[in-house]
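These are my notebook entries from a session spent looking things up in one structure. I set down each item in the order in which I turned to it.

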Amino acid sequence: MHLPHRTVETPVFMPVGTAGSVKAVAQDVLESLGAEIILANTYHLYLRPGHEAIKRMGGLHRFMSWPRALLTDSGGFQVFSLSGLRKVTDDGVSFRSHLDGSSHSFTPEHSVDVQIALGADICMAFDECTEYPAVRSRAMESLRLTMAWARRSLDHFRSHRDEVVWRDELGDRTQSLFGIVQGGMYRDLRRESAERLVEMDQSGSGFDGYAIGGLSVGEPRELTMEIVAEVLPLLPANKPRYVMGVGYPDEIELYARMGVDMMDCVLPTRAARHGLLFTSEGRLNIKGKAFAEDQGPPDPACDCMVCRRYSRAYLRHLMQAGEALSGTLNTIHNLAYYLGIMERVRESLHPEG
RNA sequence: GCACAGGUGGCCGAGCGGUUAAUGGCAGCAGACUGUAAAUCUGCCGCUCCUUGCGAGCUACGGAGGUUCGAAUCCUCCCCUGUGCA
């Protein structure tokens, strides 16, 4: 995937750095871990410090000193997760800031403007993440909205995408925009959503990639897998296909082998801060008393900088003592584990390297 | 020595005659986290037993007595702590 700031090998896992920070780890560490693209959030950065301020400071890459690729989520997921604070209309969403209660509104055009200002390599269309469970009529309404917003996001993006241009040896490089498939847990709606998004590509001016959203919202895991399997074949294989918000280690491997190119998930980072480590031996809740004097590495099969240097007993101690280093070390390991899974999948899919 | 203020479950700290094994918080133990309102949230947290139940028994609010149908809560004496004055 040739992006302005990075040629990204796929399938790829993208650590989530919502507020311009992959929580607990510094950018140089992310680089050394092999993270090639990370995700940031339109909604959060719009509220604080403000996209205009970031634009004045040279864009998000420069602001956060992240030289590699960056994808911004459109704020569509916040429409879902901040459900108590928002109101959805055809035009867009009005909502209250979770920070200070102030009133704001997002439209597809506005979301795209913010993402252009931030200067992400990949922007996401503004969508409505359908909740689970949702009755069919609700999923249809949500889908109708998301498709209309996709059209508007695309139109607006087309006429403004050249506002941010990077030049390198390959020529002028601009931002990309991905469309998002919704449709709840209804296969036919999912199919319709995918087809309609793909149809928006007339004379090569459509979306640069496609995402499957609205998953991992509480539905059974098998259902998530079924929906992905249903939708994936309908999306052009010559463009990146991205499943949003997944998953557990075993899941991301399965999705990658199914042909999913991109995934993101807060799980490795959030769970790390809460003391849950993902290892080759399964879940390891490092808070456990059983590890109080366990001098072995978190994951014997892992060669990350944490596993090479620190013991389970020490990590448990840091967790118990509430030391900030706890979140940092746990996050480094979990990200190394996730990125390692993707690296192995890539190697097995493209053995020639 | 005198005067006040106090002594409550591992710790801090409510309660000041009866749904009180005793509010809270911390610590401890276990669990959950899937496009991050998350360094968050949930459960357990005196002991024993079992048919694990808004179960049974036991032991508990410095100590010993007393008042009362009933006391962590009221009274008496004693012990201890803090502060002030000698």
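**Entry 1: the hairpin.** I note at the outset that this is a predicted model. I began with the hairpin that joins E10 to E11 through two residues. Strand E10 covers residues 165–168 and strand E11 covers residues 171–174, and I found the two paired in the antiparallel sense over four bridges. Within this pairing I marked Arg167, which stands opposite Asp172 in E11.

**Entry 2: the loop before the hairpin, and helix H7.** Going back along the chain, I looked up Asp162, which lies in the loop between H7 and E10. Is Asp162 buried or exposed? I recorded it as exposed, because 11 other C-beta atoms lie within 10 Å and the cut-off for an exposed residue is 12 or fewer. I also took the separation of the C-alpha atoms of Asp162 and Tyr337, which is 37 Å for two residues 175 apart along the chain.

Helix H7 itself runs over residues 136–160, and its 25 residues reach 36 Å from the first C-alpha to the last, close to the 36 Å expected at 1.5 Å a residue. I listed its buried residues, among them Ala139, Leu143, Met147, Trp149, Leu154 and Phe157. I reminded myself that an α-helix has 3.6 residues a turn, so residues three or four places apart point the same way. I then asked what covers the buried residues of H7, and the elements I noted include helix H6 (108–118), strand E9 (122–124), strand E12 (176–181) and helix H8 (187–199).

**Entry 3: the core.** The largest nonpolar core has 102 residues, and those with the most contacts inside it are Ile38, Phe178, Val243 and Met263. Its largest share, nine residues, comes from H14. I followed Phe178 further and, setting aside residues up to four places away in sequence, found that it touches Ile122, Met124, Ala125, Phe207, Asp208, Gly209, Tyr210, Ala211 and Tyr242.

**Entry 4: strand E4.** Since Ile38 had come up, I looked at the strand around it. Five of the five residues of E4 are buried, so this strand is largely enclosed by the rest of the structure. Ile37, Leu39 and Asn41 point one way from E4, while Ile38 and Ala40 point the other way, and all are buried. E4 pairs in the parallel sense with strand E5 (residues 69–73) over five bridges, and in this pairing Ile37 stands opposite Ala69.

**Entry 5: Leu277.** I placed Leu277 in strand E16, residues 276–279. Leu277 counts as buried because it has 26 C-beta neighbours inside 10 Å. Which residues is Leu277 in contact with, leaving aside its neighbours within four places in sequence? I wrote down Ala272, Leu284, Ile286, Pro298, Asn330, His333 and Asn334. The C-alpha atoms of Leu277 and Thr331 are separated by 8.3 Å, although the two residues are 54 apart along the chain.

**Entry 6: backbone geometry.** As a reference for what follows, most residues other than glycine have a negative phi, and most peptide bonds are trans. I found a cis peptide bond joining Thr10 and Pro11, with omega about 0°, and Pro11 lies in the loop between strand E2 (6–7) and strand E3 (12–15). Another cis peptide bond joins Val246 and Gly247, with omega about 5°, and Gly247 lies in the loop between strand E14 (241–243) and helix H10 (249–258).

Ala24 is not a glycine, yet it has a positive phi of about 80°; its place is in the loop between E3 and helix H1 (27–33). I recorded Ala24 as buried because 20 other C-beta atoms lie within 10 Å. Ser216, also not a glycine, has a positive phi of about 55° and lies in the loop between strand E13 (209–212) and helix H9 (221–231). With 18 other C-beta atoms within 10 Å, Ser216 is partly exposed.

**Entry 7: RNA strand B.** Ser216 led me to the last item, as it is listed with His98, Cys129, Gly245 and Thr269 as the closest of the 49 residues that surround RNA strand B. By class, the surface near RNA strand B has 19 nonpolar, 20 polar and 10 charged residues. Elements that each supply at least two residues of this surface are strand E4 (37–41), helix H5 (76–81), strand E15 (262–265), helix H11 (267–273) and helix H14 (324–349).

Note on methods:
Residues numbered from 1 in each chain as written. Chains lettered and ligands numbered in written order. Predicted model: local features only at pLDDT ≥ 70, side-chain atom pairs only at ≥ 80, totals over all residues. Near = placed C-beta within 6 Å. Nonpolar A, V, L, I, M, F, W, Y, C, P; charged D, E, K, R; others polar. Pairing = 2+ DSSP bridges. Expected span 1.5 Å × (residues − 1). Contact = placed C-beta atoms within 7 Å. Core = buried A, V, L, I, M, F, W, Y, C linked by C-beta atoms within 7 Å.
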